[in-house]
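User: I should like to understand the terms used for this model. Please set each one beside its definition.

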Amino acid sequence: MELFYVSLLSTFVVAVSLSLHFLLFRAKPASGLPPGRTGWPVIGESIEFLSNGWKGYPEKFIFDRIARYSSTVFRTHLFGERAAVFCGASGNKFLFSNENKLVRAWWPASVDKVFPSSSQSSSSQEEAIKMRRMLPNFFKPEALQRYVGIMDHIAQRHFADGWEGKKEVVVFPLSKSYTFWLACRLFVSVEDPAHVDKFAAPFGELASGLISVPVDLPGTPFNKAIKASNFIRKELVAIIKQRKVDLADGLASPTQDILSHMLLTSDESGKFMHELDIADKILGLLIGGHDTASSACAFVVKYLAELPEIYEGVYKEQMEIANSKKEGELLNWDDIQKMKYSWNVACEVLRLAPPLQGAFREALSDFMYNGFTIPKGWKIYWSANSTHINPECFPEPKKFDPSRFEGTGPAPYTFVPFGGGPRMCPGKEYARLEILVFMHHLVRRFRWEKIIPDEKIVVNPMPIPAKGLPVRLYPHKA
């Protein structure tokens with residue numbers, strides 16, 4: 001269906017704008033700009049950029065152009081914007097080190113339509129900056145330590161309900177269910193599975209359409225994402241209204257979750273956030289708090305199925321921890337710190353299948369990079385794959401090797417699944433906890449094998465198994 005809309009959009013653009021292509025978008029590089037091409041009018045190279053992901057090769061767009069133009073930077077045209085792509089560790093270091101100096105975060109205009117800001121005076125970008133200022137208290141070590149037991153409790157319920165007693169399961173929907181359940185519980189104290197399930201399908205549509213061709217016609221992924229966003233915001237407002245009542249009646253705690261904190265915290269001028277404003281921020285948190293980790297958990301299952309020697313290492317470590325626990329005792333922070341090999345395995349999964357494929361920045365002023373001019377207002381894209389599967393950064397990059405993360409680990413700015421600099425994902429440690437708790441319960445219970453040995457991987461916008469990763473389970477004998 002998505003390819004149909006891509007074809008429809010392409011046909012329209014060609015019919016209306018072909019002559020402009022030759023007048024305004026010549027391949028000859030302008031003086032001082034990075035080498036590259038701008039593609040079609042309006043859409044530029046967006047379709048190729050997206051379709052490489054749909055075909056399962058998101059890195060192809062980057063490496064084809066690295067070979068053709070430059071190993072460090074090339075220009076293109078994405079989502080209606082002139083853009084430069086910075087490649088390699090040096091490009092990552094430059095961008096992450098110059099955040100809010102030469103560059104700032106940027107998202108395609110379509111994101112504002114999916115995540116509309118309830119504040120008329122600010123964009124989703126500005127609202128996200130405000131949100132990041134509020135998050136550190138919830139992701140600092142003392143807060144995270146409290147989450148381990150909650151995560152363990154929910155993981156036990158998740159595996160009991162969705163995995164145990166089954167001969168076969170489809171992993172990706174289950175991993176999404178697990179991480180979404182955690183996000184709902186820890187961010188807004190929604191734990192009832194029926195209530196969580198009510199949100200699950202709309203969130204799937206929102207994620208799929210977030211970075212898609214921005215054609216707002218009935219049935220398109222972009223249109224579905226907008227509708228899903230509106231539905232979820234309405235549901236969140238209902239939760240927020242009830243929480244206000246519960247706080248007033250003493251039935252909810254001011255410190256129980258992020259929602260209570262938002263309701264009770266004023267800004268510098270003493271103003272409190274409106275309900276829709278809070279709903280916007282919670283919506284963004286729920287997306288960020290579960291979607292990327294669900295992809296990582298699914299790929300942990302994939303690689304452990306393919307690599308029995310890696311599975312054995314994880315199983316040994318996790319059983320040592322399990323055998324040290326009393327009957328019914330929950331995991332704690334100290335247990336998480338013992339999962340060193342398991343986290344090295346998870347990091348290698350994140351290197352080979354990074355949920356965050358890359359991100360955009362915007363140039364705040366003209367500047368020079370590696371001898372090329374980057375004009376003010378140009379968009380800049382960095383790609384995790386430009387280092388993650390680059391043999392200069394990781395020898396034998398396609399080989400699964402957790403030992404890369406022993407000792408001091410990879411060189412700086414080469415391993416970037418969570419971004420870097422001031423824009424590094426504030427939930428990195430939260431993600432580490434939910435992935436490790438998932439691995440603990442998974443290997444304690446089962447071995448498994450893939451039902452589709454050569455299942456295709458697609459990126460839309462995160463890597464996911466095309467058929468959801470069906471596996472056959474073999475429970476451990478008691």
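Analyst: Two strands count as paired if DSSP finds at least two bridges between them; strands (E, at least two residues) and helices (H or I, at least four) are DSSP runs numbered from the N terminus. The model is predicted, so local features need pLDDT of at least 70 and side-chain atom pairs count only at pLDDT 80 or more, while totals for chains, interfaces and linings use all residues. Residues are numbered from 1 along each chain as its sequence is written, and side-chain values use heavy atoms, without hydrogens and water.

User: What makes β4 and β12 a pair?

Analyst: β4 and β12 (residues 470-475) are joined by three bridges in the antiparallel sense, and the definition asks for at least two, so they pair. E168 has R472 in β12 as its bridge partner.

User: Why are β4 and β9 called edge strands?

Analyst: The open sheet has three strands in the order β4-β12-β9, with antiparallel pairing. β4 (168-170) and β9 (446-450) each have a single partner strand, so one side of each lacks a neighbour in the sheet.

User: Which strands does helix α13 touch?

Analyst: Helix α13 (residues 275-306) packs on the sheet and touches β9 and β12; contact means heavy atoms within 4.5 Å.

User: Why is D246 said to have no salt bridge?

Analyst: A salt bridge needs a side-chain nitrogen of Lys or Arg within 4 Å of a carboxyl oxygen of Asp or Glu. The nearest side chain of opposite charge to D246, R243, is 5.2 Å away, so the criterion is not met. D246 lies in helix α11 (residues 221-248) and is buried, meaning under 20% relative accessible area with a 1.4 Å probe, protein chains only (exposed is over 50%, partly exposed in between).

Definitions and conventions
Lys, Arg positive; Asp, Glu negative; His and termini not counted. Axes fitted to C-alpha atoms, helices over the stretch in contact; angles between N-to-C directions.
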